[in-house]
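Colleague: I'm new to this one and would like a close look at a single part rather than a quick tour. Could you pick a spot and talk me through it?

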Amino acid sequence: MTKYFLSLPHDSAEEPTMENMDPAELQEIIAAVGAFNTALEEAGAFVTAGGLQPPSTATTVDYSGDTPVLTQGPFVEAKEYLGGFWIIEAENDDVAIEWTKQASRALRSKVEVRALQEEPPA
């Protein structure tokens, strides 16, 4: 089965975190996401998932030269950033999109889905 990356874009100007959400809304979303994760697990589609801290907490490492260069902050500046993700397994794009619809509903936000690249046969 193909693995798919479901990504959760967030607004860079706001840098939302669970700590600054309305507690009642947060609990509703946590329950909906928990139910979604359970459905993924029961279907054998769940690989892993996680939420990320805002880009302002990032360190970018570039060791492409002779010495590593560490820069505080994100690699790129953008109006949106990756706030969290799932990696799932699905038979095809249509199945992955159906899972993504459920993720978007649970989170009450946009979710992007893309297949992970697979190593070409030797």
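Modeller: Let's start with E25, E28 and R108, which are linked in a network of salt bridges. A salt bridge here is a side-chain nitrogen of Lys or Arg within 4 Å of a carboxyl oxygen of Asp or Glu. Keep in mind that this is a predicted model, where local features need pLDDT of at least 70 and side-chain atom pairs count only at pLDDT 80 or more, while totals for chains, interfaces and linings use all residues. Residues are numbered from 1 along each chain as its sequence is written, and side-chain values use heavy atoms, with hydrogens and water left out.

Within that network, the side chains of E28 and R108 meet at 2.6 Å, N to O. E28 sits in helix α1 and R108 in the loop between α2 and β6 (112-115), so this bridge ties together parts that are 80 residues apart in sequence. (Helices, H or I of at least four residues, and strands, E of at least two, are DSSP runs numbered from the N terminus.) E28 has a relative accessible area of 43%, so it counts as partly exposed, and R108 is partly exposed too, at 48%. For those words, buried means under 20% relative accessible area, exposed over 50%, and partly exposed in between, with a 1.4 Å probe and protein chains only.

The loop that holds R108 has another contact to look at. K110 forms a salt bridge with E80, the closest N and O atoms being 2.8 Å apart. That links E80 in strand β5 to K110 in the loop between α2 and β6, 30 residues away in the chain. E80 is partly exposed at 34%, whereas K110, at 52%, counts as exposed.

Now follow strand β5 onward to E89, whose side chain meets that of K3 in a salt bridge of 3.4 Å, N to O. K3 belongs to strand β1, so the bridge joins β1 and β5 across 86 residues of sequence. Both ends are partly exposed: K3 at 35% and E89 at 23%.

How many salt bridges does a search of the whole structure find? Six, and the E28 to R108 contact we began with is a salt bridge of 2.6 Å.
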